[in-house]
Amino acid sequence: MDIRQGFLVTLAAFLTLSIYSFLYGDNPLYRFAEHLFVGVSAAYWMCQGFWSTIVGNVIPRTSETLAAYFQVPFKEYSWQYIVPVILGIILLMRLVPKLSWISRWPLAFIIGTTAGLNLPRYLQSDFIQQMNNTFIPLLPDWQGIGYFFSSFSFSMEGQFVQILTNVVIFVGVLCGLIYFFFSKEHKGAFGVASRLGIWILMVTFGASFGYTVMGRISLLVGRITFLFHDWLNIL
Amino acid sequence: MNVGFVVSAIVVGGGLLWIFIRSLRGKDVDRRIVFGFVGITVALAVLFQLKFGEVATPIVKILFEKIETLPPGSKIVISFDFDPAMAPEVLPMANSFARHALAKGHRIYFFSIWATGQSLLQVTLHDIVEKEFPDAVYGIDYVNMGYKAGNEGVLNVIITDIRKMYPGDVNGTSLDSIPMMKDVHSLKDMDLLLSIGGGKPGVKEWVLFAGDRGNIPTGGGAAAVSTPLLYPYYPKQLVGLLGGTKGAAEYEAELIKRHPRFANIKTPALDMMGPQTMAHVVIISFIIIGNVSYFRSRRKQANNG
């Protein structure tokens with residue numbers, strides 16, 4: 001490891017420890033590392049956006065001279081690419097207080113386009129398709145009681161587990177929906193289903209919490225491995 | 001028995017016992033002690049390199065089988081939709097997918113709809129593709145399409161025409177001069193889409209804007225935080241899913257089991273499961289201690305009052 005690399009690894013170790021120092025309490029080292037991280041990230045995204053979108057897509061279709069300057073192959077002149085350039089410039093008018101009102105036009109265009117693009121896809125894949133995914137047979141691959149007992153198994157692929165899974169999905173969805181149905185008092189059988197719905201929700205939140213813990217621990221393992229292996233070289 | 005495991009168990013077990021006794025005496029446990037305890041546990045497990053075996057669960061195995069059974073020369077998209085913060089969890093997945101696909105003779109189309117994914121893609125290209133598969137030829141076996149801004153808008157375009165959004169690859173080389181792009185016009189020409197990520201856009205957007213729309217088999221890997229939100233798409237909209245480090249470790253274990261040539265590869269996800277297990281044991285112990293302490297103090301209050 002040369003001096004430059006050693007310095008960079010030590011700097012990375014310092015920033016790692018600075019970030020983790022927040023666990024003890026808020027402090028200037030943490031705030032410095034946090035601001036540096038946010039600034040570097042924003043700059044990185046901006047550079048990547050410039051080189052991939054402006055230089056990669058717009059220039060090869062709008063200017064032969066600029067294409068030659070940035071050493072990208074000129075495709076063909078296309079006036080449609082001028083429109084987003086103009087909208088982009090107008091968007092930057094937010095930086096000029098007197099002209100900031102103009103930036104609402106491209107902003108409205110962005111919001112409208114995003115909503116227009118997303119609505120049919122979310123409706124199709126997240127709504128209709130998800131409902132379709134809930135219509136499942138409660139007795140999958142049912143070939144009679146004899147076959148069921150001959151294949152009775154708690155293995156993840158057995159028929160018994162498949163039946164159990166589908167029943168849990170069916171009952172879980174139904175009871176979860178009942179919990180959120182407030183037009184009827186949660187009493188009697190309806191109340192029991194509602195309470196089961198709460199349990200289903202609790203199990204779901206518990207699973208999410210477990211996954212979140214796993215994610216955070218993975219990041220900690222990654223950082224500790226970096227400190228021990230790359231910085232201290234003891235692994 | 002592993003010496004590291006014994007030492008870790010003594011230190012961690014002793015510490016937990018001390019905290020348990022303290023909490024029984026009614027003393028509060030500072031949150032910094034909890035953080036420090038988890039940190040020490042993970043550090044010990046990393047230091048002693050504790051390892052546990054992994055077996056692939058159906059949701060992982062089915063994705064493995066999909067890549068395994070595709071005919072050689074199939075076209076697979078691997079999209080790097082993550083940043084360095086997620087990398088410890090999901091980079092091992094990306095590496096395993098690349099390894100597996102190249103070993104089976106498939107053609108890989110590397111994409112990134114996250115700006116930060118592009119530099120991490122270079123890590124996979126350097127460490128896995130170039131080092132482990134020196135015979136793989138750029139433009140014939142794999143191509144790097146690079147990053148394009150536009151989030152799901154990018155997917156919305158390339159599902160009908162890749163060239164509209166990508167005049168060239170990451171180096172600006174025209175797609176028409178790249179051999180493996182000759183018969184590829186849109187994502188609909190692909191045999192499998194794999195997205196690796198944990199934010200937006202990510203696996204979900206690939207399902208919504210590419211997989212479902214083009215009826216293309218889609219799978220992927222996600223950071224643990226976003227995995228529970230993706231399970232509802234399995235098995236109809238997602239072929240399979242690798243959830244967090246556990247999913248990555250299962251895939252690595254299956255890869256080693258089924259392809260002996262990978263017996264000596266680095267397995268970062270499998271290595272991470274030792275510290276994971278220890279940390280989870282500690283956290284579960286803290287939850288139990290907290291509950292015992294809570295119910296004990298409640299009973300004491302009821303007796304006094």
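These are my notebook entries on a predicted model, covering chain B as a whole, its core, a few single residues and some ring pairs.

**Entry 1: chain B as a whole**

I began with the overall figures for chain B. I found 11 helices and six strands in it. Its C-alpha trace spans about 80 × 45 × 30 Å along the principal axes. How much of chain B is buried? Buried residues come to 55% of its 305 residues. The exposed area of chain B is about 12,600 Å², and carbon and sulfur atoms supply 59% of that. I also looked at contacts between residues at least 6 apart in sequence, and in chain B 75% of these join residues at least 24 apart.

**Entry 2: the nonpolar core**

Next I went looking for the inside. Nonpolar side chains tend to be buried together in soluble globular proteins. Here the largest nonpolar core has 81 residues. Which of them touch the most other members? I noted Ile78(B), Phe97(B), Phe110(B), Ile162(B) and Leu187(B). The element that gives the most to this core is helix α4 of chain B (residues 87-103), with nine residues. Apart from this core lies another, of 23 residues, and among them are Val221(A), Val282(B), Phe286(B) and Ile289(B).

I then picked Ile78(B) and listed what it touches, leaving out residues up to four places away in sequence. The list includes Phe97(B) and Phe110(B), along with Ala98(B), Ile108(B), Leu194(B) and Ile196(B).

**Entry 3: two polar residues in chain B**

Asn144(B) caught my eye in strand β3 of chain B (residues 142-147). Is Asn144(B) buried or exposed? It has 2% relative accessibility, so I put it down as buried. A polar atom of its side chain lies 3.0 Å from the backbone nitrogen of Gly146(B). Beyond four places in sequence, the contacts of Asn144(B) include Phe110(B), Gln122(B), Tyr138(B) and Asp169(B). Phe110(B) was already in my notes as one of the core residues that touch the most other members.

Glu68(B) was my second pick, in helix α3 of chain B (residues 58-69). Its relative accessible area is 15%, so it counts as buried too. What does Glu68(B) contact, leaving aside neighbours within four places in sequence? I wrote down His100(B), Lys104(B), Arg258(B) and His259(B).

**Entry 4: rings, mostly in chain A**

I turned to aromatic rings and got a count of 25 aromatic pairs over all chains. One that I looked up is Trp51(A) with Phe70(A), an edge-to-face pair at 5.6 Å centre to centre with 85° between the planes. Trp51(A) is in helix α2 of chain A (28-62) and Phe70(A) is in the loop between α3 (64-69) and α4 (82-91), so this pair ties together parts that are 19 residues apart in sequence. Phe70(A) itself has 21% relative accessibility, which makes it partly exposed. Ring pairs also link Phe50(A), Trp51(A), Tyr69(A) and Phe70(A) into a cluster.

Charges over rings came next. The charged end of Arg223(A) sits over the ring of Phe226(A), 4.6 Å from the centre. I also found one between chains: Arg32(B) lies over the face of Tyr24(A), at 4.7 Å from the ring centre.

**Entry 5: Phe7(A)**

Last, I checked Phe7(A), which is in helix α1 of chain A (residues 3-20). With 55% relative accessibility, Phe7(A) counts as exposed. How far is it from Asn27(A), 20 residues away along the chain? I noted 24 Å between their C-alpha atoms.

Technical notes: Residues numbered from 1 in each chain as written. Chains lettered and ligands numbered in written order. Predicted model: local features only at pLDDT ≥ 70, side-chain atom pairs only at ≥ 80, totals over all residues. Heavy atoms only, no water. Phe/Tyr/Trp six-rings, centres within 6.5 Å; stacked < 30°, edge-to-face > 60°. Helix = DSSP H or I, 4+ residues; strand = E, 2+ residues; numbered from the N terminus. Buried < 20%, exposed > 50% of the residue type's maximum accessible area, 1.4 Å probe, protein only. Lys NZ or Arg CZ within 6 Å of the ring centre and 35° of its normal. Core = buried A, V, L, I, M, F, W, Y, C linked by side-chain atoms within 4.5 Å. Contact = heavy atoms within 4.5 Å. Polar contact = N/O pair within 3.5 Å; in protein donor to acceptor, adjacent residues only side chain to side chain. Areas by Shrake-Rupley, 256 points an atom, 1.4 Å probe, with all protein chains shown as cover.
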